Amino acid sequence: MNMAQRQILYGVLLSLLLLISMMLSFYFVFPIRLIDFWHFKVVDIPFALFAPMISILLGVFYGLLSGYRWQKQLKEMEGWLHEVEEGRVLTVNHEEVSADVQNIYQRIIKIQKQISEQAKYTQRLANEKAKDIDNRMQEIIYEERNRLARELHDSVSQQLFAASMLMSAIMEQTEEKSANEVKQLQLVEGMIHQSQLEMRALLLHLRPVALKGKKLIEGIEELLLELKQKVTMNIKWRAEDFYLDKGIEDHLFRILQESVSNTLRHAKADTLDVLLIQRDGFAILRIIDDGIGFNVDKAKAGSYGIQNMYERALEIGGTLKMISLPNKGTRLEVKVPIIEGEGGDEK
């Protein structure tokens, strides 16, 4: 039996009480015999029929009205619970909520807030857990890369250096060698030299220098000074001191590292120029070498390193342009807008 049917039943019971009250009231006002109730008529209907009919109609009407009202309120409450179940915020005007269900509505709101807070707490725990796992993974990767870098530096890099020194000593003794032997030894010396460059580029990848609280200009100087001591390439740089957000500095520094690594491994360049300046509201990082050059379109499609540099530039709202011509070197330029109001005036 639903709410409407129950209310109709309650209305019928009310009509019986109303009938009894009506009959008793009429009897006391007009004291007549019970048989005369049949003969006394109202609008040509015997009072004995009129009174029950009116009582039943009033009771049924009351039951229907009350049942509809309660059923409507239950539908509203069901809708509220559905909103809570779906995780949506209740948007109900308090003035539209009847006084009968006001307490229920307040409790539903309270439950919804508790569910929302629980969801936020659960998400925060999940995010912290994921971040913790990611940090631990990064730490493990960092330690393993450092270990590999140390082993390569202490073994392969040192052996290449020894081989280079030995080859230089052999090349000095040219009086006893034929032209063909000298040519072959020069070829071997070039291969050793190229292997050293690639090894240094690999070590730069495995154990990249991080800014670690330093400004970008300081990181550039540290990186290029260290590199200048290890390679015969002529390295020049000029960097202006101006403020950039930490995230932008980190991305520009990683782009510089990737570009230098590519130059060491592939360019066969004699000079490397690095420029960091601020012009017309832009931070500009420019890297130029005089190497053998390459096809930019093919390299962009097939090189993870070059694609990574483009993505880093996009992540900080900048653009990266790369121009390379055969035997005329490569020019890379990153332009990042400096947005005012985000510390642009700080030093």
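This is a short dialogue on how to read some features of the predicted model above.

User: What should I keep in mind about this model and its numbering?

Analyst: Because the model is predicted, local features need pLDDT of at least 70 and side-chain atom pairs count only at pLDDT 80 or more, while totals for chains, interfaces and linings use all residues. Residues are numbered from 1 along each chain as its sequence is written, and side-chain values use heavy atoms, with hydrogens and water left out.

User: Let's start with the sheet. Which strands form it, and in what order?

Analyst: Strands are DSSP runs of E, at least two residues, and helices are runs of H or I, at least four, numbered from the N terminus. Two strands pair if DSSP finds at least two bridges between them. Here 5 strands form an open sheet with mixed pairing, in the order β3-β4-β5-β7-β6. β3 (234–239) and β6 (319–325) are at the edges with a single partner strand each, so one side of each has no neighbour in the sheet.

User: Are the strand pairs parallel or antiparallel?

Analyst: You can find both. β3 pairs with β4 (residues 271–279) in the parallel sense, over 6 bridges, and Ile235 has Leu272 in β4 as its bridge partner. β6 and β7 (residues 329–337) run antiparallel and are joined by 7 bridges. β5 (residues 282–289) is also antiparallel to β7, with 8 bridges; there, Ile284 stands opposite Lys335.

User: What links β6 to β7?

Analyst: The two strands form a hairpin with 3 residues between them, and Asn327 in the turn has a positive phi of about 60°. Leu325 has Gly329 in β7 as its bridge partner, and Met322 stands opposite Leu332 in β7.

User: Which side chains of β6 are buried?

Analyst: Buried means under 20% relative accessible area, exposed means over 50%, and partly exposed is in between (1.4 Å probe, protein chains only). The side chains of β6 alternate: Leu320, Met322 and Ser324 point to one face and are buried, whereas Thr319, Lys321, Ile323 and Leu325 point to the other and are not.

User: Now the helices. How do I check the span of α7?

Analyst: The expected span is 1.5 Å times one less than the number of residues. For the 22 residues of α7 (residues 246–267) that gives 32 Å, and the end C-alpha atoms are 30 Å apart, which agrees. In α7, 16 of the 22 residues are buried, so this helix is largely enclosed by the rest of the structure. Just after α7, Lys268 takes a positive phi of about 55°.

User: And what does the same check give for α9?

Analyst: The 12 residues of α9 (residues 304–315) should span 16 Å, and the end C-alpha atoms are 16 Å apart, in agreement. Gly305, Ile306, Asn308, Met309, Tyr310 and Ala313 are buried in α9. After this helix comes Gly317, whose phi is positive, near 75°.

User: Is Gln194 buried or exposed?

Analyst: Gln194, in helix α5 (residues 179–206), is buried, with a relative accessible area of 17%. Its C-alpha atom is separated by 8.5 Å from that of Leu264, 70 residues apart along the chain.

User: Finally, where is Met137, and how accessible is this residue?

Analyst: Met137 lies in helix α4 (residues 102–172) and is partly exposed, with a relative accessible area of 44%.
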